[in-house]
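Me: I would like to learn how to read the nonpolar parts of a protein model, both outside and inside. Could you take me through them one feature at a time?

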Amino acid sequence: MSKFFKSRLMRSIFPYFILGIFLIIAFRIITGIDFLVEYSEHFSRFWTVITPFLAGGVIAYILNMPCSAIEKLLLKVNNRFVRKRSRGLSVLALVIIIAILLVFAWNMIWPTVTESVDAIIGAFDEYEETFREWMQAAEELNLPDFLPDIDEEVILGVVANFVGDLDIDNITSSIWAGIGATLGMVFNTVLAVVSSIYFLIEKDRLKEYMKRAIAALVTNKTNEVVLKYSGKLHHNFHMYIYTQTLDGIILGSLMIGLLLVFRSPHALLLGLILGVVNYIPYFGSIFGTLFAVIVVAFTQGIPTAALAAVFMFVLQQIDGNFIQPRLMGGSFSLSPLLVIISVTIGMHYGGMMGMLVAIPIVAILKDVLDEYIEHREYKRLNPDPDEEGFMNREI
């Protein structure tokens, strides 16, 4: 019996046995979560405290890409003082560049964007009238089930009931609560930005410390696996942020140019929205394009919107079949169905952040599964003679 526990087969099964026990324990903890309720308040406070630092870590991770590029340039400078302090100088240079970009955006882009937003919000009455005209035209087409009728009296009655149910005390309390939440958000934002700067400066030290800690806590083989897949995960996130940012800039710029051809007064706003929501795979560009078509329809009419939609569809096809594949290469060779499932699950469990990180995480999980399948296939085609003999022997 002792040979059984010392056999190579048993040693290969033992980690999966431990993993199974861990999953059973985790399941029991989750299903019996009631005993953790008394600690929920303390956990909530702790989470509130560390959230700004987690946000700072995310900001630092994203900003580390341009910061590292600046650092590489400084390391090439033939000056000992600059090379020795290249990390701190690169962080300072990045802060200055971001400040200049923010000033430029505030003075050149923000006024046009706010003007477009004010124009869209201020024209709701006109949009309502336009919508009524569309529905009246639809009724004239003898399609009674195509769109619902609009009863103005019903709408006014709903609005009146809503206004009558308003409680001044509740409104006052909500205002004060909103002020407190705004001040808290400002404080957390400042704390996140400051902590991100320190994360950027201390990046190399933190990285080396984490490597030492992992190496001290696990075996050499496990350490190699952790370093391998954490490196792949970092590469996936790096490539995803880089490619989606570049693709968003290209797609947003093309959208602005296209809408300027159609003389849309909101071209800059719609192009910026498309560039930002493009970070969400598949769904982002679709929602951004639909929003642009709706705005064009209300502001410039359905014929113009229909023609713009055709060109936007062509633009989406060019981006999806030529621009994105060129940028991403083989970094994320995932099927569209797997991408849609991943984004949906990420949105359900992690909201907007879950949607953004879904693709890089699923890509690394797919790599792990592919390598495991290849390993099992190889073991099946090349069986270990010792294990074969052991399995054929009677215990």
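**Nonpolar surface and core**

Reply: A nonpolar patch on the surface is formed by Leu307, Val310, Phe311, Phe313, Val314, Ile318 and Phe322, with about 680 Å² of accessible area together. Patch members have over 30% relative accessible area and no salt bridge (a side-chain nitrogen of Lys or Arg within 4 Å of a carboxyl oxygen of Asp or Glu), and nonpolar side chains (Val, Leu, Ile, Met, Phe, Trp, Tyr) are joined within 5 Å; areas come from the Shrake-Rupley method with a 1.4 Å probe, and for residues only the protein chains shown count as cover. This is a predicted model, in which local features need pLDDT of at least 70, side-chain atom pairs count only at pLDDT 80 or more, and totals for chains, interfaces and linings use all residues. Residues are numbered from 1 along each chain as its sequence is written, and side-chain values use heavy atoms, with hydrogens and water left out.

Me: Is phenylalanine 322 buried or exposed?

Reply: Buried means under 20% relative accessible area, exposed over 50%, and partly exposed in between; phenylalanine 322 counts as exposed because its relative accessibility is 55%.

Me: Which residues have the most contacts inside the largest nonpolar core?

Reply: In soluble globular proteins, nonpolar side chains tend to be buried together. A nonpolar core is a set of buried Ala, Val, Leu, Ile, Met, Phe, Trp, Tyr and Cys residues joined through side-chain atoms within 4.5 Å. Here the largest has 22 residues, and Ile120, Met255, Leu259, Leu270, Ala305 and Met312 have the most contacts inside it.

Me: What does leucine 270 contact beyond its neighbours within four places in sequence?

Reply: With contact taken as heavy atoms within 4.5 Å, leucine 270 meets Leu259, Ser264, Phe291, Ala292 and Val295.

Definitions and conventions. Patch = residues over 30% accessible without salt bridge, like charges linked within 9 Å, V, L, I, M, F, W, Y side chains within 5 Å. Buried < 20%, exposed > 50% of the residue type's maximum accessible area, 1.4 Å probe, protein only.
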